[in-house]
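Colleague: Please take me through one part of this model in detail. I would like to hear about the sheet, the helix beside it, and whatever surrounds the ligand.

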Amino acid sequence: MHVQAITYDPTLFTDELYQRALLLLDPESSARIKRFYRREDACRTLIGRFLPRMLLHARGIPLADMKFATTEAGKPFIASYGVEPSIAYNVSHDNGVITMASSANTHNPPAFTVGVDVMKVRIPGRETFASFVESVGDQLTALEHRLISSAASQEQGLERFFWMWTAKEAYTKALGLGLGFDFRRVEFDPALDVLRIDGTVPRGWRFNKFKVTQDADVYQGVVAEFVGGDDTLVVSESGTQEWLTVLDATVFIQQAIQGLSS
Ligand SMILES: CC(C)(COP(=O)(O)OP(=O)(O)OC[C@H]1O[C@@H](n2cnc3c(N)ncnc32)[C@H](O)[C@@H]1OP(=O)(O)O)[C@@H](O)C(=O)NCCC(=O)NCCS
């Protein structure tokens with residue numbers, strides 16, 4: 001499993017770069033990107049579309065042969081003919097970070113059971129920490145509420161909340177269900193690194209926690225992947241993470257344009 005994180009600073013991402021990159025995408029991606037009102041939203045999706053394309057490029061597949069499709073529930077997957085071994089991937093983006101988790105997962109083709117979610121650690125808008133937690137409180141379990149309210153500081157409470165939230169998102173994205181899965185069924189204890197579904201630790205899953213910093217901002221993310229077998233493991237963000245690489249968006253898109261145009 002590998003996670004690629006792209007850090008995106010809108011002030012450095014020129015209009016010329018955006019327009020050149022857009023020309024390389026398929027009509028469906030390009031139409032979706034152009035529909036965004038805000039350029040930043042368009043750029044995040046644009047960068048997210050190039051991430052799996054660069055995986056296929058590394059396999060020697062020409063741009064013209066790169067095909068993508070989505071499941072009925074909207075989960076994207078690679079539909080190019082003859083990609084062996086197959087590539088499982090999932091993309092997530094928030095503010096200044098775009099991430100893709102990818103692996104050779106073979107469970108549940110064609111979209112496979114891998115999901116990622118990344119979020120900027122912050123209290124949105126005019127909320128206080130308490131009102132923010134309250135606003136999503138019905139999607140947290142009783143244990144999760146206790147873990148947040150018993151945190152040693154607001155900072156620790158916020159960090160715990162974002163581990164819980166990104167774990168819920170990553171798990172449901174791995175299943176490909178998106179919003180169609182009750183978040184309260186997923187309970188994550190980030191203090192002990194234990195994840196339960198309907199009160200029981202599921203078998204055969206890996207959950208990798210990671211952090212990315214962009215300027216002064218911290219992002220937390222979780223990858224959820226069904227790998228089979230009996231064991232389930234939560235990989236902490238504190239160890240060495242040779243499975244995580246971070247690259248600047250301008251550099252990444254320049255490389256993508258160069259690689260995919262030739
Ligand atoms: C996509 C979704 C699963 C997660 O959204 P999110 O946490 O806000 O956003 P993230 O950045 O983590 O993920 C977005 C990416 O997940 C991927 N994705 C889309 N649908 C997915 C699904 N069903 N399962 C897994 N991944 C999905 C896409 O790559 C998408 O990127 P793109 O929008 O730039 O193409 C969620 O929005 C959803 O369920 N959508 C389907 C229903 C819908 O579209 N509702 C909109 C009106 S409420």
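**The helix, the sheet and the ligand shell**

Modeller: Helix α6 lies across β6, β9 and β10 (217-226). The helix runs at about 150° to β6. Keep in mind that this is a predicted model.

Now the sheet. Four strands make an open sheet in the order β6-β10-β9-β11, and the pairing is mixed. The edges are β6 and β11 (233-235), each of which pairs on one side only. From one strand to the next, the twist averages 15°. Strand β9 (residues 205-214) and β11 run parallel and are joined by three bridges. Across that pair, R206 stands opposite L233 in β11. In general, strands of a sheet pair through backbone hydrogen bonds, either parallel or antiparallel.

Next, the ligand. It is surrounded by 17 residues. The closest are T45, G74, K75, S92 and G178. Elements that give two or more residues to this shell are α3 (39-58), β4, β6 (114-120) and α6 (154-175). So what is the make-up of the shell by class? It has nine polar, four charged and four nonpolar residues.

Which element gives the largest share of the shell? That is β4, with four residues. Strand β4 covers residues 88-94, and six of its seven residues are buried, so the strand is largely enclosed by the rest of the structure. A residue counts as buried here if 20 or more other C-beta atoms lie within 10 Å of its own.

The partner of β4 is strand β5 (residues 97-103). The two pair in the antiparallel sense over seven bridges. N90 stands opposite A101 in β5. Together β4 and β5 form a hairpin, with two residues between them. In that turn, N95 has a positive phi of about 45°.

Last, the record. UniProt, in an unreviewed entry, lists residues 16-103 as "domain: 4'-phosphopantetheinyl transferase N-terminal". That span is 41% helix and 23% strand, and its end C-alpha atoms lie 32 Å apart. For "domain: 4'-phosphopantetheinyl transferase", the unreviewed UniProt entry gives residues 114-207. Here the span is 39% helix and 19% strand, with end C-alpha atoms 10 Å apart.

To put the parts together: α6 lies across β6, β9 and β10, while α6 and β6 are also among the elements that give two or more residues to the ligand shell. The largest share of that shell comes from β4, the strand that pairs with β5.

Notes. Residues numbered from 1 in each chain as written. Predicted model: local features only at pLDDT ≥ 70, side-chain atom pairs only at ≥ 80, totals over all residues. Buried ≥ 20, exposed ≤ 12 C-beta atoms within 10 Å, placed from the backbone. Pairing = 2+ DSSP bridges. Near = placed C-beta within 6 Å. Nonpolar A, V, L, I, M, F, W, Y, C, P; charged D, E, K, R; others polar. UniProt positions renumbered as here; feature names shortened; annotations may be inferred. Axes fitted to C-alpha atoms, helices over the stretch in contact; angles between N-to-C directions. Contact = placed C-beta atoms within 7 Å.
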